[in-house]
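Student: I have a new structure open and would like to talk it through step by step. Could you take my questions as they come?

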Amino acid sequence: MDRYVCDPCGYVYDPAEGDPDNGVAPGTAWEDVPADWVCPVCGADKDQFSKE
Ligand SMILES: [Zn+2]
């Protein structure tokens with residue numbers, strides 16, 4: 001699965017880790033992350049992320 005990086009702050013979304021603190025379980029592909037999920041570091045929307 002592809003990792004995605006937050007353009008504004010550099011946070012990397014790793015599907016193997018997910019974002020359990022914000023309701024995204026480990027093993028969740030980027031495509032399956034909810035559209036209203038935001039970067040846990042800076043609050044950027046999904047559309048501000050790029051494939052790493
Ligand atoms: Zn960010």
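Student: Where is Lys46 found?
Tutor: In this predicted model, Lys46 is found in the loop between β2 and β3.

Student: And does Lys46 count as buried or exposed?
Tutor: Lys46 is buried, and yet Lys46 has no salt bridge. The nearest side chain of opposite charge belongs to Glu31, which is 7.5 Å away, and because a salt bridge requires a side-chain nitrogen of Lys or Arg within 4 Å of a carboxyl oxygen of Asp or Glu, that pair does not qualify.

Student: What does the side chain of Lys46 reach, then?
Tutor: The side chain of Lys46 reaches a backbone atom, namely the oxygen of Trp30, at 2.9 Å.

Student: New topic, the metal. Which residues are the protein donors of the zinc ion?
Tutor: The zinc ion has Cys6, Cys9, Cys39 and Cys42 as its protein donors, each through its SG atom, and these lie 2.3 Å from the ion.

Student: How are those donor residues spaced in sequence?
Tutor: The spacing of the donor residues follows the pattern C-x2-C-x29-C-x2-C. Within this set, Cys6 and Cys39 link distant parts of the chain, since Cys6 sits in strand β1 (residues 4–6), while Cys39 sits in the loop between β2 (12–13) and β3 (49–51), 33 residues apart.

Student: What is the geometry of the zinc site?
Tutor: The site of the zinc ion is tetrahedral, with angles of 105 to 114 degrees among its 4 donor atoms.

Student: Are Cys6 and Cys39 buried or exposed?
Tutor: Cys6 is buried, with a relative accessible area of 1%, and Cys39 is buried as well, with a value of 3%. Both are therefore under the 20% cut-off for a buried residue.

Student: Let's switch to the strands. What is their order in the sheet?
Tutor: The sheet is an open one of 3 strands, arranged in the order β2-β1-β3 with antiparallel pairing. Because β2 and β3 stand at the edges, each with a single partner strand, one side of each is left without a neighbour in the sheet.

Student: How many bridges join β1 to β3?
Tutor: There are 3 bridges joining β1 to β3, and these two strands run antiparallel. One of the residues involved is Val5, whose bridge partner in β3 is Ser50.

Student: Last one, where does Pro15 lie?
Tutor: Pro15 lies in the loop between β2 and β3, where Pro15 is buried with a relative accessible area of 1%. From Pro15 to Phe49 there are 34 residues in sequence, and their C-alpha atoms are 14 Å apart in space.

Notes
Residues numbered from 1 in each chain as written. Predicted model: local features only at pLDDT ≥ 70, side-chain atom pairs only at ≥ 80, totals over all residues. Heavy atoms only, no water. Donors = N, O, S within 2.8 Å, 3.2 Å for Na, K, Ca; no water. Tetrahedral: all angles 85-135°; square planar, octahedral: opposite > 155°, others 65-115°. Helix = DSSP H or I, 4+ residues; strand = E, 2+ residues; numbered from the N terminus. Buried < 20%, exposed > 50% of the residue type's maximum accessible area, 1.4 Å probe, protein only. Pairing = 2+ DSSP bridges. Lys, Arg positive; Asp, Glu negative; His and termini not counted. Polar contact = N/O pair within 3.5 Å; in protein donor to acceptor, adjacent residues only side chain to side chain.
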